[in-house]
Amino acid sequence: MNTHSTVLDNASAEATTPDRILQTALAAWRQGSFVEVVDQFSDQFTFADHALGLEFKDKGRLTEFLAKIGERFPDAERKANTIFSSGDRVISEWTLTATQTEPSLGGRLRKVPICVRGISVVQREDGKIGQWSDYYDQLTIPALRGSDLVHRVD
């Protein structure tokens, strides 16, 4: 088994060959280019967000979901901490930081920091992403609990 492990100090680090598709998708995600993210997926794919219990197999629906996440958390930053790859499978350990605006006392709005750690498991098929699964604790993102975000794209 040929296993490769890369520890990234920053998101712009040079991607190794097995990680190139994942790195291209994540770079587009950081730039808010959700159509470009979804272009990295094969025509028959599965994207699963296990924390939210969502699964997408349609590129248009996945693009809509990613765009809604981008609208909800415009300052979100997803940093790949470690990437492991073996054959056509890539596992990325990541940290997501963002702020959530919520009402406070006196009718004022306050910004609450969010920090979530998770992993993505990506299976490459024929040079594209065939499966992508995200795992993290949904309870660490209060804005997603009972959110209409899930219901609007589901």
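A residue is called buried when its relative accessible area is under 20%. By that standard, buried residues account for 44% of the 154 residues in this chain. The model on the screen is predicted.

**The whole chain**

Begin with the entire chain selected. It holds four helices and seven strands, and along the sequence these follow the pattern β-α-α-β-β-α-β-β-β-β-α. Of the contacts between residues at least 6 apart in sequence, 55% join residues at least 24 apart. The accessible surface amounts to about 8,600 Å², and 49% of that area belongs to carbon and sulfur atoms.

Next, colour the chain by pLDDT. The mean value is 82, with 79% of the residues reaching 70 or more. Now select residues 1–17, where the pLDDT is below 50. Beyond near neighbours in sequence, this stretch has 32 contacts in the model. Where pLDDT is low, predicted coordinates should not be read in detail.

**Helix H3**

Select residues 59–72, which form helix H3. Its 14 residues reach 20 Å from the first C-alpha to the last, close to the 20 Å expected at 1.5 Å a residue. Add Asp58 to the selection: this residue caps the N-terminal end of H3. One of its side-chain oxygens lies 3.1 Å from the backbone nitrogen of Gly60.

Which residues of H3 are buried? They are Leu62, Thr63, Phe65, Leu66, Lys68 and Ile69. In an α-helix there are 3.6 residues a turn, so residues three or four places apart point the same way.

**Strands E5, E6 and E7**

Move on to strand E5, residues 89–103, and show E6 beside it; the two pair in the antiparallel sense over 15 bridges. One bridge to find is that of Ala98, whose partner in E6 is Ile114. Five residues lie between the strands of this hairpin, and Gly106 takes a positive phi near 75°.

Select Leu109, which is placed in strand E6, residues 109–125. Is Leu109 buried or exposed? Leu109 is exposed, because its relative accessible area is 63%, above the 50% cut-off. Leaving aside residues up to four places away in sequence, Leu109 touches Thr101, Glu102 and Pro103.

Finally, add strand E7, residues 128–136, which runs antiparallel to E6 and is joined to it by eight bridges. Look for Val122, which stands opposite Trp132 in E7. The hairpin of E6 and E7 has two residues between its strands, and Asp126 in the turn has a positive phi of about 55°.

Notes:
Residues numbered from 1 in each chain as written. Predicted model: local features only at pLDDT ≥ 70, side-chain atom pairs only at ≥ 80, totals over all residues. Heavy atoms only, no water. Expected span 1.5 Å × (residues − 1). Buried < 20%, exposed > 50% of the residue type's maximum accessible area, 1.4 Å probe, protein only. Polar contact = N/O pair within 3.5 Å; in protein donor to acceptor, adjacent residues only side chain to side chain. pLDDT = per-residue confidence, 0-100. Contact = heavy atoms within 4.5 Å. Areas by Shrake-Rupley, 256 points an atom, 1.4 Å probe, with all protein chains shown as cover. Pairing = 2+ DSSP bridges.
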